[in-house]
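Thanks for making time this morning; I would like to walk you through one model, beginning with its sheet and ending with its core. Please have the sequence and the structure open as I speak.

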Amino acid sequence: MNRLTLKYLSLNFLLLVSLLSSRFGTCDARQSVYWKGNRRSIAEGESSATINVLDHGAKGDGTSDDTKAFEDAWEEACKVAASTLLIPSDSTFLVGPVSFLGKGCKENIVFQLDGKIIAPTSSSAWGSGLLQWIEFKSLTGITIKGKGIIDGRGSVWWNKSPDYDPADESESTTTNDMVKEQLGTKMPKTKPTALRFYGSNGVTVNGITIQNSPQTHLKFDNCMSIQVSDFTTSSPGDSPNTDGIHLQNSQDAVIYRSTLACGDDCISIQTGCSNIYIHDVDCGPGHGISIGGLGKDNTKACVSNITVRDVTMHETTNGVRIKSWQGGSGSVKQVMFSNIQVSNVANPIIIDQYYCDGGGCHNETSAVAVSNINYINIKGTYTKQPIRFACSDSLPCTGISLSTIELKPATEKASSFDPFCWEAHGELKTQTIPPIQCLKTEKSPEAASQSNNDAC
């Protein structure tokens with residue numbers, strides 16, 4: 001091999017080494033940038049900040065007042081988008097009435113509830129009465145999740161609803177006073193909802209349990225884009241006004257894989273609600289799943305696009321119910337109840353346009369219009385009356401349809417009650433058990449004209 005050939009090969013070898021070094025160098029540089037980017041993200045806390053309430057003075061012993069620590073921890077969490085406020089497991093936190101406000105707060109905060117939060121049982125903590133205990137207000141992207149418990153300790157409120165006594169606050173704190181508090185004090189007449197979301201967008205509730213609320217367990221008011229899943233409520237069947245989930249003036253909600261036991265409606269859908277999807281829910285004890293009562297005190301109510309399906313109900317006073325007061329206006333329309341299994345339910349299917357809680361009501365010429373209500377595949381046993389359609393004289397129900405209804409009496413006494421219809425217009429798409437012979441097949445022209453006047 002001559003000298004020229006060796007020189008040529010040497011140059012090619014050096015060129016190859018240079019190219020390989022350049023490629024590996026580029027890979028190393030890219031990898032360095034990638035990891036540097038991750039470190040920068042963590043350092044700036046863009047998505048990984050965790051704020052523990054214990055680090056802000058919470059004791060978690062079940063007796064010390066941890067309200068201030070929760071407020072301080074929330075203030076810190078609000079500074080960082082997508083941060084997590086941690087309520088750790090194996091601790092019980094006594095927290096008084098508190099509002100977690102969205103003003104100045106970053107988006108997508110996570111309230112990680114792994115421990116237990118309990119409400120105070122002394123009247124001094126509640127003043128003359130509050131509408132809610134724990135409130136999240138005016139937030140975008142708020143999540144509360146975990147395996148923890150919110151315990152409203154409502155029995156002190158339920159026992160004959162004792163009146164509030166201002167003297168309880170004016171007395172000095174002595175050993176005798178402490179004994180009185182342990183034995184039970186007179187609570188305000190106004191009972192608080194355990195957990196309320198107000199004026200928020202993108203609300204998620206997952207995995208938690210709320211038990212023994214003084215009144216409603218979970219409430220959404222003026223909220224959008226709601227998701228509730230794997231949620232549990234647990235209160236006695238005779239606890240007064242303890243709705244499981246209450247929605248009002250809220251849109252675009254899905255509620256699923258939840259177990260609701262309470263003393264009132266498992267789910268209550270009120271005025272201003274639309275695009276609500278409920279499925280795979282177990283309800284009982286309680287009063288069933290209700291739309292309303294609507295139109296109280298001559299108000300206008302608008303509810304539309306409601307779907308309730310794949311639900312089981314047991315030992316409830318009602319199944320699926322629409323209820324409105326005489327004298328109201330507005331409408332309930334485009335509702336579907338599908339695949340509902342009932343067991344020992346007093347009244348599985350109800351429309352009641354004469355709803356009156358407390359008596360003293362009178363027939364009125366106006367009512368909330370009820371139309372396009374579909375019942376599909378509702379089966380099981382009842383203890384009182386299988387179907388009751390009590391519609392308004394002046395504004396009959398229209399567009400009711402029933403398909404695959406099989407309701408059988410759970411007792412011999414229940415078998416004596418037939419389906420009841422009053423000014424109810426619609427269609428039987430299949431044979432039903434029991435037979436429904438009272439549904440009017442013709443549409444009421446008067447109903448159509450009046451419903452147009454009250455269109456939402």
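In what order do the 11 strands of the open sheet run? The order is β5-β8-β11-β14-β17-β19-β21-β23-β25-β27-β29, with parallel pairing, where strands are DSSP runs of E of at least two residues, numbered from the N terminus, and two of them pair if DSSP finds at least two bridges between them. β5 (98-101) and β29 (420-422) stand at the edges with a single partner strand each, so one side of each has no neighbour in the sheet.

Before going on, I should say that this is a predicted model, in which local features need pLDDT of at least 70 and side-chain atom pairs count only at pLDDT 80 or more, while totals for chains, interfaces and linings use all residues. Residues are numbered from 1 along each chain as its sequence is written, and side-chain values use heavy atoms, leaving out hydrogens and water.

At the β5 edge, 4 bridges join β5 to the parallel strand β8 (residues 132-137), and Val98 has Ile134 as its bridge partner there.

Turning to strand β6 (residues 109-113), 5 of its 5 residues are buried, so it is largely enclosed by the rest of the structure; buried here means under 20% relative accessible area with a 1.4 Å probe, protein chains only. Ile109, Phe111 and Leu113 cover one side, and Val110 and Gln112 the other. β6 is joined by 4 bridges to β3 (residues 84-87), running parallel, and Leu85 stands opposite Phe111.

Note on methods: Buried means under 20% relative accessible area, exposed over 50%, partly exposed in between (1.4 Å probe, protein chains only).
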